[in-house]
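Let's work through a few exercises on how helices and strands fit together. Keep the viewer open and try each task before reading its solution.

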Amino acid sequence: MPPRPIALTSGEPAGVGPEIAAKAWEALRGELDFFLIGDPRHLPQGTPIAEISSPGEAPAAMVRGLPVLARDFGPARTPGDAVAAHAPHVVAAIREAVALVRAGAASAVCTNPIHKKALQDGAGFAFPGHTEFLADLAGVKRAVMMLACDALRVVPVTIHIPLSQVPQALTPELLEDTIRITEAALRAAGIARPRLAVAGLNPHAGEGGAMGREEIEMIAPLIARLRGEGLEVAGPLPADTMFHPEARARYDVAICQYHDQALIPIKTLDFAHGVNVTLGLGFVRTSPDHGTAFDIAGTGRADPASLIAALRMARDMAPA
Ligand SMILES: NC(=O)C1=CN([C@@H]2O[C@H](COP(=O)(O)OP(=O)(O)OC[C@H]3O[C@@H](n4cnc5c(N)ncnc54)[C@H](O)[C@@H]3O)[C@@H](O)[C@H]2O)C=CC1
Ligand SMILES: NCC(=O)COP(=O)(O)O
């Protein structure tokens with residue numbers, strides 16, 4: 001039986017999603033099978049399109065063109081300018097991809113970038129991003145965002161919240177769940193004894209309480225307890241000295257306390273090939289590390305490398 005195809009969601013039609021989907025098909029045909037759930041009219045002019053009526057048709061269709069499970073999103077697309085009427089269809093495509101994976105018709109979900117504000121405005125989307133929406137669809141209490149490239153893996157503990165809310169949001173339960181889900185996922189991925197490095201929240205990891213007390217009161221006691229259970233967890237470490245090459249060699253994943261602490265290092269090291277993967281869902285979801293890139297949408301300049309890496313990672317992680 002041929003491997004099941006990966007379901008790729010449309011993402012925000014006004015962004016670079018349609019262009020990188022077409023370019024990824026060009027690069028990956030003959031290597032792996034995927035299909036787009038979206039409106040074929042949004043694809044760049046000249047894209048060879050193979051409309052399909054079910055995921056099972058995607059492998060044969062890949063030779064003719066980009067397989068598309070065609071959905072009518074209504075109004076035309078304007079690159080760089082989100083149309084409110086598209087928003088419910090963008091959300092529906094994510095829902096449908098998850099349903100197809102759960103039904104065994106697709107092997108994994110790969111998501112094109114969404115514009116969070118456009119979905120809030122156009123569809124009343126109540127989630128900060130895919131990660132939380134997918135956790136809800138999967139029926140799990142917690143899902144973890146991990147970004148990975150060859151040089152680094154990072155996990156933000158708190159994700160899309162204002163910086164001013166991070167200290168309150170950072171609870172021992174959230175940190176412990178995040179560490180345990182990450183550790184289990186890396187073991188499942190073949191790292192027998194994952195090494196986790198946990199960043200402090202404050203400058204110099206609090207400098208013995210002189211620059212903040214979260215490390216003393218919450219992070220260090222949790223790490224001590226987890227080490228007592230046999231987990232290989234180091235920290236709390238000063239975040240500013242965790243990401244140079246010698247430091248990175250000492251761990252398999254950096255657990256970071258807030259969004260930018262995690263995402264700045266990985267996007268600086270390898271923006272082109274970073275992949276966002278959601279852990280703890282019970283199915284595989286990957287995504288490019290970048291967003292909708294409205295500033296270059298429709299110009300033909302979008303780099304598909306991160307989506308290609310995300311599709312390859314989805315194939316490698318998906319159960320046979
Ligand atoms: N997985 C997802 O759904 C993600 C969605 N976003 C959303 O995307 C929107 C825009 O976010 P920004 O912070 O502006 O980040 P962005 O990643 O869309 O753009 C940042 C810069 O990188 C460039 N860039 C991004 N992707 C590129 C590509 N494939 N090829 C060449 N250049 C590329 C853009 O042109 C821009 O100059 C926001 O609504 C954000 O929430 C952001 C990250 C991930
Ligand atoms: N900054 C990462 C990002 O926005 C992706 O979030 P998600 O949609 O994968 O939850």
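**Exercises on the sheet and its helices**

Exercise 1. Find which strands helix α11 lies across.

Solution. Helix α11 spans residues 305-317 and lies across β1, β2, β5 (109-110), β11 (275-279) and β12 (285-288). Its direction is at about 165° to β12; axes are lines fitted to C-alpha atoms, for helices over the stretch in contact, and angles run from 0 to 180 degrees between N-to-C directions. Helices (H or I, at least four residues) and strands (E, at least two) are DSSP runs, numbered from the N terminus. Contact means C-beta atoms, placed from the backbone, within 7 Å.

This is a predicted model: local features need pLDDT of at least 70, side-chain atom pairs count only at pLDDT 80 or more, and totals for chains, interfaces and linings use all residues. Residues are numbered from 1 along each chain as its sequence is written, while chains are lettered from A and ligands numbered from 1 in the order in which they are written.

Exercise 2. Work out the strand order and say which strands stand at the edges.

Solution. Start with the order: twelve strands form an open, mixed sheet, β3-β4-β2-β1-β5-β12-β11-β6-β7-β10-β8-β9. Next, β3 (49-52) and β9 (232-237) each have a single partner strand, so one side of each lacks a neighbour in the sheet. Pairing requires at least two bridges found by DSSP.

Exercise 3. Describe how β1 and β2 pair.

Solution. Strand β1 (residues 6-9) runs parallel to β2 (residues 34-38), with four bridges between them. Within this pair, Leu-8 has Leu-36 of β2 as its bridge partner.

Notes: Two residues are in contact if their C-beta atoms, placed from the backbone, lie within 7 Å.
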